[in-house]
Amino acid sequence: MVSQQDGSPEASYDPMAQFAELAGDVRDPYPMMAGIRADSPVMHVQLGTGSGARYRHDKKAPRISSLFTVTSHELAQQVLTDNVRFSSAGYAMTMGQVMGRTILQMDPPEHQRHRALVAKAFRTRVLDRWSDTIIGPCVGELIDAFARDGRADLIPQLTFPFPVRVIARILGLPEADWPRFLRLSTELIAVMRNWDRAVAASRELRGYFGEIIADRRRHTRDDLVGQLIEAEVDGRRLSDDEIYPFLLLLLPAGAETTYRSSSNLLFGLLSHPDQLDAVRADRNLVPQAIEEALRWETPLLTVARSATKDLELNGVSIPAGGFVAVSLGAANRDPGRYPDPDAFDIFRDPVPHISFGDGAHKCLGMHLARLEMRVLLNAVLDRLPGLRLDPAAEDPHIHGLIFRSPPSLPIRFDGSR
Ligand code: HEM
């Protein structure tokens with residue numbers, strides 16, 4: 001949590017409040033999704049009827065005219081792997097407004113060219129290096145701050161600051177800048193909630209990254225910014241205006257999702273103590289616990305596509321330009337693919353989930369996300385003996401209709417290491 005004793009915007013800023021609001025206070029959207037999927041896995045949503053309108057939208061955020069939801073696993077996969085009939089260009093209207101032209105909104109062949117430039121930086125070989133030099137120390141420092149207390153709230157004290165710190169270090173940002181970086185990142189991510197504030201944050205972040213890029217141009221460094229400066233598309237170097245969007249995309253793509261997925265993993269285990277004990281006793285279970293947590297409570301419920309032409313999907317006509325909301329959450333709980341889908345069960349037969357998307361845009365940071373979750377869980381188990389939910393915790397739960405995670409996660413533990 002940011003707390004500074006000065007008059008800077010960081011001093012009075014509470015990012016957790018904004019993030020809790022952004023999630024939307026919906027406890028369990030899954031029965032509703034199951035009903036929709038059973039009824040019609042591709043559904044035309046009548047806009048303006050108030051359905052699902054519990055999430056307040058900023059009035060300036062763009063409106064969509066024609067909306068379809070996709071809720072079965074098979075059809076979700078079909079849409080995400082078919083970039084001829086389904087385009088990602090619609091993100092230009094939302095995230096693109098504050099981030100510029102990112103790979104998220106590009107279609108082939110432009111998409112492959114740009115993605116290939118940054119993909120190198122996220123290969124597992126590079127990540128192994130970050131594990132000891134960046135990710136481990138970030139978790140260690142955060143746990144140090146509460147390890148003697150016997151109690152903590154794992155969200156503000158661990159899972160929330162953790163991935164932004166990792167990204168700040170990957171980008172080589174000076175530590176003194178982190179509070180400002182955290183505030184701006186949070187404001188940018190909340191774009192659909194507070195349009196003006198996100199646009200202002202985007203402007204300020206551009207100025208900030210401008211200085212970092214200029215510095216890297218003067219003093220070459222082998223970090224992510226250094227690699228983007230050296231990278232070439234079609235035989236030419238990227239301009240600053242092409243580098244900014246990628247740096248801005250890393251915040252929502254890498255920080256928001258990983259904070260929520262780590263929180264969901266810890267919540268799943270803490271609320272199923274027998275499974276927590278099993279993982280504590282046998283760390284070989286960590287990877288399957290991570291995959292089950294990602295399936296059970298995906299941090300990002302929906303991704304968006306638009307129809308490139310008039311088309312039919314599962315017998316439903318979608319007009320050219322129709323907005324298609326692919327529900328990763330519903331797909332991950334499709335009973336045709338996962339028996340007893342609502343249960344958190346790390347011992348279930350391993351069947352891949354769709355939380356990282358699919359097709360050409362499948363998450364570029366998924367190896368990093370898994371690594372971050374693994375390092376975090378192992379550190380928590382190593383350093384907080386007797387870890388359990390605080391019996392006095394009031395109603396611990398996961399909520400959210402756009403993003404999902406627990407608003408707080410109070411724990412107790414016996415001592416510290
Ligand atoms: C558990 C954590 C994460 C989840 C659940 C997640 C989920 C996703 C999903 C669903 C997409 C596809 C969006 C679409 O098809 O419209 C995506 C794309 C992307 N993710 Fe992640 N993500 C996570 C962590 C990360 C991290 C740690 C990074 C990097 C620091 C990252 C970087 C990206 C980028 C750059 C894209 C765009 C890829 C493209 O358009 O080709 N993500 N992510």
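## Notes on two sheets, a helix and an iron site

1. A small pairing makes a good way in: Asp153 has Pro410 as its bridge partner in strand 12. Please keep in mind throughout that this is a predicted model. Strand 4 and strand 12 (residues 410-412) are joined by three bridges and run antiparallel. They belong to an open sheet of three strands, ordered 4-12-11, in which the pairing is antiparallel. Strand 4 (151-153) and strand 11 (388-389) are at the edges of this sheet, and each has a single partner strand, so one side of each has no neighbour in the sheet.

2. Now to the other sheet. Which strands form it, and in what order? It is an open sheet of five strands, in the order 1-2-10-7-3, and its pairing is mixed. The edge positions are taken by strand 1 and strand 3 (86-87); each has a single partner strand, so one side of each is left without a neighbour in the sheet.

3. You can follow the mixed pairing strand by strand. Strand 1 (residues 42-45) pairs with strand 2 in the antiparallel sense, over four bridges, and here Val42 has Val70 of strand 2 as its bridge partner. On going from strand 2 to strand 10 (residues 323-327), the sense is parallel, again with four bridges. Among the contacts between these two, Thr69 has Ala325 of strand 10 as its bridge partner, and Phe68 has Val324. Strand 7 (residues 302-307) is then joined to strand 10 by five bridges, and these two strands run antiparallel. In that pairing, Arg305 has Val324 as its bridge partner in strand 10. Val324 is therefore worth selecting in your viewer: it is listed as a bridge partner of Phe68 and of Arg305.

4. How are the side chains of strand 2 arranged? Leu67 and Thr69 point one way from strand 2 (residues 67-70), while Phe68 and Val70 point the other way. All four of these residues are buried. This fits the general pattern, in which side chains of a regular strand alternate between the two faces of the sheet. As for strand 10, four of its five residues are buried, so the rest of the structure largely encloses it.

5. The loop that leads into strand 10 deserves a look too. Ala320 sits in this loop, between strand 9 (316-318) and strand 10. Ala320 is partly exposed, because its relative accessible area is 45%. Its C-alpha atom is separated by 3.9 Å from that of Lys309, although the two residues are 11 residues apart along the chain.

6. Helix 9 (residues 178-189) is next. Its 12 residues reach 16 Å from the first C-alpha to the last, close to the 16 Å expected at 1.5 Å a residue. Is the helix enclosed or open to the outside? Because 10 of its 12 residues are buried, helix 9 is largely enclosed by the rest of the structure. The buried set includes Trp178, Phe181, Leu182, Leu184, Leu188 and Ile189, and also Arg183 and Glu187. Ser185 and Thr186 are buried as well.

7. How does helix 9 meet helix 10? The axes of helix 9 and helix 10 (residues 195-218) come within 8 Å and cross at roughly 140 degrees. That angle makes helix 9 oblique to helix 10, since only angles over 145 degrees would count as roughly antiparallel. The crossing of helix 9 past helix 10 is left-handed.

8. Finally, the metal. Which protein atom is the donor to the iron atom of the ligand? The single donor from the protein is Cys363 (SG), 2.3 Å away from the iron. Cys363 is in the loop between helix 15 (328-332) and helix 16 (366-383). Met366 is placed in helix 16. Met366 counts as buried because its relative accessible area is 16%, under the 20% cut-off. From Met366 to Arg123 the C-alpha distance is 9.9 Å, with their positions 243 residues apart in sequence.

Note on methods:
Residues are numbered from 1 along each chain as its sequence is written. This is a predicted model: local features need pLDDT of at least 70, side-chain atom pairs count only at pLDDT 80 or more; totals for chains, interfaces and linings use all residues. Side-chain values use heavy atoms; hydrogens and water are left out. Buried means under 20% relative accessible area, exposed over 50%, partly exposed in between (1.4 Å probe, protein chains only). Two strands pair if DSSP finds at least two bridges between them. The expected span of a helix is 1.5 Å times one less than its number of residues. Donors are N, O and S atoms within 2.8 Å of the metal (3.2 Å for Na, K and Ca); water is not among the atoms, so sites may look incomplete. Axes are lines fitted to C-alpha atoms, for helices over the stretch in contact, and angles run from 0 to 180 degrees between N-to-C directions. Angles under 35 degrees count as roughly parallel, over 145 as roughly antiparallel, 65 to 115 as roughly perpendicular and the rest as oblique. A crossing is left-handed if the near helix is turned anticlockwise from the far one by less than a right angle, and right-handed if clockwise.
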